[in-house]
Amino acid sequence: MNAQRALRLGTRRSLLAMSQSRGVAELVTRLTGRPVELVEITTYGDVSRESLAAIGGAGVFVSALRDALLRGEIDFAVHSLKDLPTLQPAELSLAAVPRRADPRDTLVARDGLDFERLAVAAGRARIGTGSPRRMAQLHAWARALGCEIETVPIRGNVDTRIGYVRSGELDAVVLAAAGLYRIGREAEITEFLAPDIVLPAPGQGALAIECAASNTALAAELAGLDDPHTRVAVTAERTLLATLEAGCSAPVGAFADLLAEAAGQSITEMRLRGVVGTTDGSTLVQLSTTGPVPASVEEAAATGRELADEMLAKGAAGLMGERAH
């Protein structure tokens, strides 16, 4: 009977986390034939009203789930990969990174405006985001347009954030495309922010499925959900972040896109781009590298390290404020 015991999936209680976890639960049931029950866990990041940077970055959403895993209260957990600290604990296995959703940031603005029209029309548009990475790149974009914007730190769920725009308190907010799609709110998007202008957070759009390293049988089953292309891309991005010794709340963007020679062709190259900037956008270090698709996660990690080292040589370390060790 044990083969049919429901697997316990630990998840945060937010609408987005529950939506992500339900989607993974369906995949796991299809893969293993076992039922999956969701175990809702409240994290410190969910109850604190302080800014993420003040309470330790997005990793605060992860620790309660990991503690439950280590205590054996749940069998596996689902995280937004961009929230996961780059150092993987030996006692936990990152069993699968499923195929990534849209990695881009989006603008949800009043009157259906895009960033350029908003920045010009509003004089000094008020744009809500709690992310130093987004702040740095949005300010730099506005400067390039000959404008100034004001970035306003915000917290809260998607409804709360969009509510600031609806009420007129803010002109726009910036939200991840993947999250809006996962909760069926993509109609709110007024502009997709191209990675050429705003690089996403390392791992943005991807999910992480984690279980105890000692549970080798479950880790092997969950590995059936792993997408090799997504795995090498996010490994390169997250290694760049780790090599910069920066945490989840640092003003660092990274994106590895996998390039085909032509539509319908097999993927042959990976381009990794990285950016570090001061939050006022006055200084950005942006570099990229393109090469063959890494044949292993070790090769992907090497690509991330090399680009980060180049960024450090160009002065990236001085732009991040206090570095996380």
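The paragraphs below lead through a predicted model, from the whole chain to a sheet, a loop and a buried cluster of side chains.

The protein chain has 325 residues, of which buried residues make up 51%, and its secondary structure comprises 10 helices and 13 strands. Among the contacts in the chain with a separation of 6 or more, residues 24 or more positions apart account for 71%.

A good place to begin is the sheet towards the end of the numbering. Here 3 strands form an open sheet in the order E11-E12-E13, and the pairing is antiparallel. Strand E11, which covers 252-260, and strand E13, which covers 284-292, are the edge strands, each of them pairing on one side only. From one strand to the next the twist averages 15°. As general background, the strands of a sheet pair through backbone hydrogen bonds, and the pairing may be parallel or antiparallel. In this sheet, strand E12, made of residues 267-277, pairs with E13 in the antiparallel sense over 9 bridges, and a reader who wishes to follow the register can start from Arg-271, which stands opposite Thr-290 in E13. Helix H10, residues 297-313, packs on the sheet and touches both E12 and E13, with its direction making about 35° with that of E12.

The loop between E12 and E13 contains Thr-278. The side chain of Thr-278 is joined to that of Ser-282 by a polar contact of 3.2 Å. If neighbours within four places in sequence are left aside, Thr-278 is in contact with Ala-136, Thr-283 and Leu-319. One of these partners, Ala-136, falls within the residue range 132-144 of helix H5, and that helix also supplies a residue to the aromatic pair described next.

The structure holds 1 aromatic pair. Its members are Phe-115 and Trp-141, whose rings are stacked, with 4.1 Å from centre to centre and 20° between the planes. Because Phe-115 lies in helix H4 (residues 115-121) and Trp-141 lies in helix H5 (residues 132-144), the pair ties together parts that are 26 residues apart in sequence. Phe-115 and Trp-141 are both buried.

Both aromatic residues also meet Glu-191, which has its place in strand E9, residues 191-193. Leaving aside neighbours within four places in sequence, Glu-191 is in contact with Phe-115 and Trp-141, as well as with Thr-106, Leu-107 and Asp-114. A polar atom of the Glu-191 side chain lies 2.6 Å from the backbone nitrogen of Phe-115, while the C-alpha atoms of Glu-191 and Leu-113, which are 78 residues apart along the chain, are separated by 7.8 Å. Is Glu-191 buried or exposed? With a relative accessible area of 18%, Glu-191 is buried, because the term applies to values under 20%.

The cysteines offer a last point of reference. Cys-147 has a relative accessible area of 14% and is therefore buried, and Cys-211, at 0% relative accessibility, likewise counts as buried. The structure holds 0 disulfides.

Notes. Residues are numbered from 1 along each chain as its sequence is written. This is a predicted model: local features need pLDDT of at least 70, side-chain atom pairs count only at pLDDT 80 or more; totals for chains, interfaces and linings use all residues. Side-chain values use heavy atoms; hydrogens and water are left out. Two strands pair if DSSP finds at least two bridges between them. Helices (H or I, at least four residues) and strands (E, at least two) are DSSP runs, numbered from the N terminus. Axes are lines fitted to C-alpha atoms, for helices over the stretch in contact, and angles run from 0 to 180 degrees between N-to-C directions. Contact means heavy atoms within 4.5 Å. A disulfide is a pair of cysteine sulfur atoms within 2.5 Å. Buried means under 20% relative accessible area, exposed over 50%, partly exposed in between (1.4 Å probe, protein chains only). Rings of Phe, Tyr and Trp (its six-membered ring) pair if their centres lie within 6.5 Å; planes under 30 degrees apart count as stacked, over 60 as edge-to-face and the rest as tilted. A polar contact is a pair of N or O atoms within 3.5 Å; within protein, one must be able to donate a hydrogen and the other to accept it, and residues adjacent in sequence count only if both atoms are side-chain atoms.
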